[in-house]
Every structure is written in C-alpha cells, then in structure tokens.
Amino acid sequence: MSTGSNGWPADIAIALVFLLLSAPAHAGSVQALLKAKDCLVCHDNGKDRIGPSFRHIAMSFAGFQNARFMLIDIIHTGTGPGSGDISYHWGSARMPPEDVRVPVDDAEAGKMVDYILGLK
Ligand code: HEC
C-alpha cells in the first residue's frame with residue numbers, strides 16, 4: 001500500500017473521495033437534507049400532513065416538463081401571498097417563504113426536487 005503526500009494510504013484516500021462525490025446522489029443524504037432544512041416538519045414521503053406528501057407531489061407533476069424549475073421556485077418562495085403565485089393549492093395551508101424557514105440554496109433545492117420527483 002503506497003501512501004500519498006497527506007499520509008493516507010492512496011487507496012483509502014481514493015475511496016474517501018469517491019464516497020464524498022457519490023454522497024449527494026444517495027437518497028439517505030437527501031432525506032437528511034430535508035430533515036436539516038425542516039421540510040419534514042410539514043412533509044412526509046408517503047403521508048399527507050400539513051403539506052402534501054412528496055409522493056403526491058411527484059404524481060401530480062409527472063410529465064410536466066417544467067416541474068423541476070417550478071418546484072425549485074416554490075421551495076424558495078413558498079405558496080402564500082407574494083410568492084410565485086401558483087394558481088392551485090392542495091388545501092387551505094400555505095407553504096411559508098424561505099425567509100421564515102431554514103434557507104435552501106439552488107443546488108440543495110435541485111437535489112430535493114430530483115429526489116421528490118423520483119418518488120412516484
Ligand atoms: C410550515 C410547513 C412547511 C414547511 C416547513 C415546508 N413546506 Fe412544502 N408545503 C407546505 C404546504 C402547506 C404546501 C402546499 C401549499 C399549497 O397548496 O399552497 C407545500 C408545498 C410544497 C411543494 C409544492 C407542491 C405543489 O404542488 O406545488 C413542494 C415541492 C414542497 N412543499 C417542498 C418543500 C421542501 C423541499 C421543504 C423544505 C425546504 C418544505 N416544503 C417545507 C408546507 C411546508
């Protein structure tokens with residue numbers, strides 16, 4: 001086993017880099033992200049709660065070409081007054097805008113949407 005300049009055996013260093021690079025694509029890490037950003041306070045993968053279940057969202061957006069773009073926007077703005085002004089609602093509850101939630105950047109929102117849309 002050869003060691004790199006940082007003292008780690010090269011093959012372990014490579015494995016660690018691979019692990020870091022592959023982590024974002026892993027469903028478990030998106031679930032952790034959803035939890036860290038407080039999404040799971042209102043949403044569940046399979047059960048409608050305060051917000052619609054992620055599976056219901058995936059089903060209702062299946063086939064929409066703009067789904068990814070629209071949902072990233074909603075994750076930032078929420079659905080209340082002054083938000084992106086969506087023309088439909090799931091029920092009487094509104095999703096609060098980002099400035100009163102844990103903020104999410106575009107890359108994180110994209111990961112979340114890919115995960116949600118994959119739940120069908
Ligand atoms: C305080 C509760 C609450 C939190 C926290 C919350 N949501 Fe929501 N979310 C809702 C509600 C309620 C709706 C339905 C809004 C409506 O119908 O107007 C919704 C709608 C959505 C939608 C869009 C559904 C559609 O059909 O347009 C997505 C996507 C979504 N939430 C994802 C998230 C993500 C990701 C997070 C975390 C960053 C999050 N939500 C945090 C309550 C919440």
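Reader: Which residue follows helix 3, and what is the sign of its phi?

Author: Helices are DSSP runs of H or I with at least four residues, strands are runs of E with at least two, and both are numbered from the N terminus. Here helix 3 is followed by glycine 63, whose phi is positive, near 90°. This is a predicted model: local features need pLDDT of at least 70, side-chain atom pairs count only at pLDDT 80 or more, and totals for chains, interfaces and linings use all residues. Residues are numbered from 1 along each chain as its sequence is written.

Reader: Which residues of helix 3 are buried?

Author: A residue is buried if 20 or more other C-beta atoms, placed from the backbone, lie within 10 Å of its own; 12 or fewer makes it exposed, and in between it is partly exposed. In helix 3, Phe54, His56, Ile57 and Ala58 are buried. The buried residues of this helix pack against helix 5.

Reader: How many residues does the largest nonpolar core have?

Author: In soluble globular proteins, nonpolar side chains tend to be buried together. A nonpolar core is a set of buried Ala, Val, Leu, Ile, Met, Phe, Trp, Tyr and Cys residues joined through C-beta atoms within 7 Å. The largest one here has 14 residues, and Ile75, Ala109, Met112, Val113 and Ile116 have the most contacts inside it. Helix 2 (27-36), helix 3, helix 4 and helix 5 each give two or more residues to this core. Helix 5 provides the largest share, five residues.

Reader: Which helix gives the most to the shell around the ligand?

Author: Helix 4 does, with three residues.

Conventions:
Two residues are in contact if their C-beta atoms, placed from the backbone, lie within 7 Å.
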